[in-house]
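Work through the following exercises with the sequence and the model side by side, attempting each task before reading its solution.

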Amino acid sequence: MNASLSDLQKKFQDRLLKGETAIDAHLTDGGPFMKAYDHAYKARLVEILTEEFEGLHTLLGDEQFFSTLSEYVDAFPSTEKSARWLGRHLPGWLKSSERWGQQPVVASMAAFEWMIGLAFDAPDAKLIGVAEIGKVPPEAWPMLTFTFHPALNTVELDFDVSAFYQAAKAEEDPDGPPVAYEQPVTWAAWRDPEAMIVTYRPLDLDEAMALKAAREGQTFDGICEIVADHTDADEAAVRAAGLLRIWVESGWVIGLDAEGMSW
Amino acid sequence: MALEGFGLGLRPQHFPDILGDDPDATAGVDWFEIISENFINVGGPPLRNMMLVRERFPMVMHGVSLSIGSTDPLDMDYLAGLKALADLVEPELISDHLCWTGVHGLNMHDLLPLPMTEETVEHVAGRVRQVQDYLGRQFMLENASTYVTFEEDEMTEWAFLSAICERADCNILLDVNNIYVSGFNHGFSTDAYLNGVPAECIKQIHLAGHEHNGDYIVDTHDEPVPDYVLALYEKAIDRFGMVPTMIERDANIPPFAELVRELQGVRRIVEERRTMVLA
Ligand SMILES: [Fe+2]
């Protein structure tokens, strides 16, 4: 036996991922305890995901939950350095999967939980206060753009899963199943800057669209135009300014810029 | 300042005890070890609490994902994160395992065994040097528990570990439990292991518990350190002197006070040993 390091690693990994046995001939005595590695791989990944998706676990029950996670782990071998990110693809995969694609409540729950996890431990960043908005000169406003805190995240949900999620987290019986929305609703989750507690709320349609545009780098003028589609044209600027104030007060905004203008 | 005394692995469920009002809660705990990956590119409560602990205690950083033995290129994004964390935490020591965790861009999230060959020694030593150059400081490798060995092996595990440390000019985090576990699984002499590693390179010791499955042992870190691992630890300190020592507990995690008591037991062993030697 004289296989190279890279050859042995490829064969070893193929056994863990696909159950292939080419490595066995290279193991001393055929590797009688290889099962310790075989079992560890999937079990560990599923265990980590279980901690991240308690609401989904309650929603699906043990059997469906674990078989779904097992399918997911097979579909998405980890490319993450930290196991923290293993669930990254789960909401999107559920939404498009053959098994759960027709039951959007499942993807809604996973997306909601993932968003809350992101809000909990996203990197810290220095917020701007309302006073800094007051300092922006009038000529800068039209081209003003915003940078948002990494802990702020949004998801579009087909079901209102929040009450069910809270009950599952508290290990209480939910009052009932999550309720379907007539139209998808955007939720935002963020971290309260002082208490460092995760907070979340649904957004009105105009706020959702304005926030989406603002996070993509849209100017204040552009945001006013979006808001104008939902209100009287002459009230749009007031509504947009009001939204901005709420965002700043909530601890969502970390930067203002107007094409390099300084004030 | 060099690391001294006895430590524990920092676990989130113990933050309230460590950061609470009772200073006796941490009596006999000289330092903490963090899992590096848990604090790379994160903020919020986990980072804030860890840094509050850091204000009061020396710390060491212990990684699980460097994959020093992999034939994939070193992950420079990961190393950048590790370096940024080290700049923040200013740890006394930084370590990871002598293992690999995946190839072809994948991570098995497990500490996988390396064939103990001259090719691997050369490969790993070169990468440790790269890591040390990048971090601007010495690095430590920990011996992992293993459940298989390879037909390709050309040397013992202690010769393998020693050769890498010599060639890379790095240090060793000696896990006494892992020596016991691997020794049991592969039938090697744990005494020969202790005698076969360079004493001057051993800068930290891990103790832990494990799961006996009859014909093999799995390194689960879910039980107190068993007496026969402590007996091997006594031999280790007889040979290496007092090396900063800690208990790792990663599953079935007990109340903080229980770990503190267990650590005090380890301290007593060292102190009794020392009195014996002096007498
Ligand atoms: Fe260890």
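**Exercise 1. A helix contact in chain A**

Task: identify which residues of α3(A) meet which residues of α7(A), and then describe the geometry of the packing.

Solution. On the side of α3(A), the residues are A:Glu54, A:Gly55, A:Thr58 and A:Leu59, and they meet A:Phe164, A:Ala168 and A:Lys169 in α7(A), where contact means heavy atoms within 4.5 Å. Sorted by kind, the residues of this contact are three nonpolar, two polar and two charged; here Ala, Val, Leu, Ile, Met, Phe, Trp, Tyr, Cys and Pro count as nonpolar, Asp, Glu, Lys and Arg as charged, and the others, Gly among them, as polar. Helix α3 covers residues 54-75 of chain A and helix α7 covers residues 162-169 of chain A, and the two pack at an angle of about 95° with their axes 8 Å apart. That makes α3(A) roughly perpendicular to α7(A), since angles under 35 degrees count as roughly parallel, over 145 as roughly antiparallel, 65 to 115 as roughly perpendicular and the rest as oblique. The axes are lines fitted to C-alpha atoms, for helices over the stretch in contact, and angles run from 0 to 180 degrees between N-to-C directions. Helices (H or I, at least four residues) and strands (E, at least two) are DSSP runs, numbered from the N terminus.

The model is predicted, so local features need pLDDT of at least 70 and side-chain atom pairs count only at pLDDT 80 or more, while totals for chains, interfaces and linings use all residues. Residues are numbered from 1 along each chain as its sequence is written, chains are lettered from A and ligands numbered from 1 in the order in which they are written, and side-chain values use heavy atoms, with hydrogens and water left out.

**Exercise 2. The open sheet of chain A**

Task: establish the order of the strands in the open sheet of chain A, and say which strands stand at the edges.

Solution. Begin with the pairings, for which DSSP must find at least two bridges between two strands. Strand β2 (residues 153-160) of chain A pairs with β3(A) in the antiparallel sense over seven bridges, and A:Thr154 stands opposite A:Ala188 in β3(A). An antiparallel pairing over five bridges joins β3(A) and β4(A), in which A:Ala188 stands opposite A:Arg201 and A:Trp190 has A:Thr199 as its bridge partner. The result is an open sheet of three strands in the order β2-β3-β4. Because β2 and β4 of chain A each have a single partner strand, they stand at the edges, and one side of each is left without a neighbour in the sheet. The twist in this sheet averages 30° from one strand to the next.

As a last step, consider the turn: β3(A) and β4(A) form a hairpin with six residues between them, and A:Met196 in the turn has a positive phi of about 55°.

**Exercise 3. Aromatic pairs in chain A**

Task: describe the aromatic pair of A:Phe148 and A:Trp247, and state whether A:Trp247 is buried or exposed.

Solution. Rings of Phe, Tyr and Trp (its six-membered ring) pair if their centres lie within 6.5 Å, and planes under 30 degrees apart count as stacked, over 60 as edge-to-face and the rest as tilted. By this rule there are 25 aromatic pairs over all chains. A:Phe148 and A:Trp247 form an edge-to-face pair, at 5.8 Å centre to centre and 65° between the planes. The pair links distant parts of the chain, with A:Phe148 in strand β1 (residues 145-148) of chain A and A:Trp247 in helix α10 (residues 236-250) of chain A, 99 residues apart. A:Phe148 is buried, with a relative accessible area of 11%, and A:Trp247 is buried as well, at 1%; buried means under 20% relative accessible area, exposed over 50%, and partly exposed in between (1.4 Å probe, protein chains only).

**Exercise 4. The barrel of chain B**

Task: give the order of the strands in the closed barrel of chain B.

Solution. The eight strands run β1-β2-β3-β4-β5-β6-β7-β10, with parallel pairing. For one pairing in detail, strand β2 (residues 31-35) and strand β3 (residues 59-62) of chain B are joined over four bridges in the parallel sense, and B:Glu33 stands opposite B:Val60 in β3(B).
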